[in-house]
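Q: Please give me a close look at one pocket in this structure. Then carry on to the charged and polar side chains, and say where they sit.

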Amino acid sequence: MKKNKFIIMLGISVFLVGIISVCSSNDHCDNLVTKKTMNQEKQVKVLKLNPLGKNADDTAIKNVNIDKENKNLFGKSRKAYSVKKIRYTEKDLKKIAGCLNTKVEKMNEDNGIKSCNLNNKGVLIYYDNSGSITYISEDSTLQEMPEKYKLNKNKCVKVAGKFLKKSNIIDYKCLVLDNVEVGYTIETSKGERPLSYQITFMKKQPKGVDGFAGIGPGIRVDVDCKYNITSFTSVNKEITELDGEYSTLSLEEAEKKIESNGEVQLSTDTSNLKNNTIENVDIDNVEVRLYSDSTNLKQEYMAPYYVFSGKDNNGAAVSVTIPAVSDEEFRIKE
């Protein structure tokens, strides 16, 4: 048995795609982006952002070229948002445990993190700092499976959807099925077969962006060969549109920022690296996404980020994420 092959995310200690923290029972889709009111928060001149996850060895890109066909995405004004976390009570956590067919045996709290020991030997963790929730069960995927075994992907999706509806971690009407991919696999005489699936649901993004980057907002659920939920990560955030807009980098400024290894997040295959450097990257796709921080970080603002994808001179896939807003309009929190 082995984990399926993934492109390694450099600098991210925990991927958990996606996502998302458990939502209270009164959560509504309309709350994803709160509309402007007379008392709405005014535009913040300088956005305070958390640092992007980076690799410890400070990998850099040497020579990057962004396809000029994407030039219309640069140098524009974009919206930014204030972020409000969703809070969960002990009662909420116990309800979630019940929907996993288990109970909370003991609950510990340290530095704003509630850790719930469950009677199925699993752990449910609530991060008060961000309102995110993660669950890890005792892994049942290590068991040997018969040769005739075959996991049904559609059934796994239904199991995940049923759990979301019952637990109301996030209002199911606010979610969109984003991705279904293989988790663990097992080797059989007939080849490699899925032993689990990872099902990701994302919250609907506001108009004018291509989606979200980072961790959520949404939820990723792992379903195993016995159609049990072995883990999930939820990140649920309410965002409010700030008054005014923020200017974005030009194409040339974006290239320079990547090459100077500024506030940059890289993703590639580690076998692609030589002297911690990726050389001659051609970017053929650019998206503008709102960046959602990881589960352990308090997020004040959600700003637009450029997400670039392309290949280096060896043909290896490379992904780069940087803030889209101009340097003078944001600062990184220490």
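A: Helix 2 gives the most to the lining of the second largest pocket: 4 residues. The model is predicted, so treat every value here as computed from it. Helix 2 spans residues 153-167. Strand 17 (229-235) is the other element that gives two or more residues to this lining. In total, 17 residues line the pocket. Nearest its centre lie Leu-100, Asn-101, Tyr-227, Asn-228 and Ile-229. The volume is about 420 Å³. By residue type, the lining is mixed: 7 nonpolar, 6 polar and 4 charged.

Now the charged pairs. The model holds 12 salt bridges. One of them joins Arg-87 to Asp-128, with 3.3 Å between the closest N and O atoms. Arg-87 lies in the loop between strand 6 (81-85) and helix 1 (90-99), and Asp-128 in the loop between strand 9 (123-127) and strand 10 (132-136), so this salt bridge ties together parts that are 41 residues apart in sequence. The two ends differ in burial class. Arg-87 has 54% relative accessibility, and the cut-off for exposed is over 50%, so Arg-87 counts as exposed. Asp-128, at 25%, is partly exposed.

Next, Asp-171 and Lys-173. Their side chains also meet in a salt bridge, at 3.3 Å from N to O. Asp-171 has a relative accessibility of 9%. Buried means under 20%, so Asp-171 falls in that class. Lys-173, in contrast, is exposed at 59%. Here a buried acid pairs with an exposed lysine.

Glu-287 and Arg-289 form another salt bridge. Their closest N and O atoms are 2.8 Å apart. Glu-287 is partly exposed, with 24% relative accessible area. Beyond simple pairs, there is a network: salt bridges link Lys-48, Glu-300 and Lys-333.

That leaves two asparagines, Asn-65 and Asn-70. Asn-65 sits in strand 4. That strand runs over residues 60-66. Asn-65 is partly exposed, at 35% relative accessible area. Its side chain makes a polar contact with the side chain of Lys-68, at 3.4 Å. Other partners come from further along the chain. Beyond four places in sequence, Asn-65 is in contact with Glu-255, Val-281, Asp-282 and Ile-283. Ala-254 is 189 residues away from Asn-65 along the chain, yet their C-alpha atoms are separated by 9.9 Å.

Asn-70 is placed in the loop between strand 4 and strand 5 (77-78). What does Asn-70 touch, leaving aside its neighbours within four places in sequence? The contacts are Asp-284, Asn-285 and Val-286. At 12% relative accessibility, Asn-70 counts as buried. Asn-65, at 35%, does not reach that class, because buried requires under 20%.

Put the two contact lists side by side. Asn-65 meets Val-281, Asp-282 and Ile-283. Asn-70 meets Asp-284, Asn-285 and Val-286.

Note on methods
Residues numbered from 1 in each chain as written. Predicted model: local features only at pLDDT ≥ 70, side-chain atom pairs only at ≥ 80, totals over all residues. Heavy atoms only, no water. Salt bridge = Lys/Arg side-chain N within 4 Å of Asp/Glu carboxyl O. Buried < 20%, exposed > 50% of the residue type's maximum accessible area, 1.4 Å probe, protein only. 1 Å grid on protein atoms, 1.4 Å probe; cavity = no way out; pocket = protein on both sides within 12 Å on 5 of 7 lines; lining within 4 Å. Points joined across faces, edges and corners; volume = space filled by probe spheres on them. Nonpolar A, V, L, I, M, F, W, Y, C, P; charged D, E, K, R; others polar. Contact = heavy atoms within 4.5 Å. Polar contact = N/O pair within 3.5 Å; in protein donor to acceptor, adjacent residues only side chain to side chain.
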